[in-house]
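User: Could you take a close look at one helix for me, and walk me through how its two sides differ and what its charged side chains are doing? Plain talk is fine.

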Amino acid sequence: MLLTEYDEKKHLRNTFREGVEAGREEKLREQVQKKLSKGKTLPEIAEELEEDPLVIEQIVSNPTFH
């Protein structure tokens, strides 16, 4: 007996949202790397990208960043 129902539309929406978020995060990492290579500081990067400075710090401190 199946205890839960499979909702294909809900599954596809969630998969789409996850993909969009992953793409956004990847683009943000690329932008941060580019700005770091130009000598920008973390606060400058956060301001230019209109992101929370803590988000930028988390990106840079992630071992997979470099």
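Analyst:
**Helix α2 and its salt bridges**

Let's start with a charged pair: Glu48 makes a salt bridge with Lys35, and their closest N and O atoms sit 2.9 Å apart. Glu48 belongs to helix α2 while Lys35 belongs to helix α1, so this pair ties together parts that are 13 residues apart in sequence. Keep in mind that this is a predicted model. Glu48 itself is partly exposed, with a relative accessible area of 39%. The pair doesn't stand alone, either: Lys35, Lys40 and Glu48 are linked in a network of salt bridges.

Now for the helix that carries Glu48. Helix α2 covers residues 42-49, and in it Ile45, Ala46 and Leu49 are buried. Looking down the axis of α2, you'd find these buried residues within an arc of 100°, so they line one face of the helix. What do they pack against? The buried residues of α2 pack against α1 (8-37) and α3 (53-61). Flip to the other side of α2 and you meet Pro43 and Glu47, which are exposed.

Next, the end of the helix. Right after α2 comes Glu50, which has a positive phi, near 55°. Further along, Glu51 forms a salt bridge with Arg24, with 2.5 Å between the closest N and O atoms. Arg24 lies in helix α1 and Glu51 in the loop between α2 and α3, so this pair ties together parts that are 27 residues apart in sequence. The two partners sit in different classes of exposure: Glu51 is buried, at a relative accessible area of 19%, just inside the cut-off of under 20%, whereas Arg24 is partly exposed at 42%.

For context, a search of the whole structure turns up 4 salt bridges. One of them stays within α1: the side chains of Glu26 and Arg29 meet at 2.6 Å, N to O. Glu26 and Arg29 are 3 residues apart in helix α1, which puts about one helical turn between them. Both come out as partly exposed, Glu26 with a relative accessible area of 35% and Arg29 at 30%.

So, back to your helix: α2 has Ile45, Ala46 and Leu49 buried, Pro43 and Glu47 exposed on the other side, and Glu48 joined to Lys35 by a salt bridge.

Terms used:
Residues numbered from 1 in each chain as written. Predicted model: local features only at pLDDT ≥ 70, side-chain atom pairs only at ≥ 80, totals over all residues. Heavy atoms only, no water. Buried < 20%, exposed > 50% of the residue type's maximum accessible area, 1.4 Å probe, protein only. Helix = DSSP H or I, 4+ residues; strand = E, 2+ residues; numbered from the N terminus. Arc of directions from axis to C-beta. Contact = heavy atoms within 4.5 Å.
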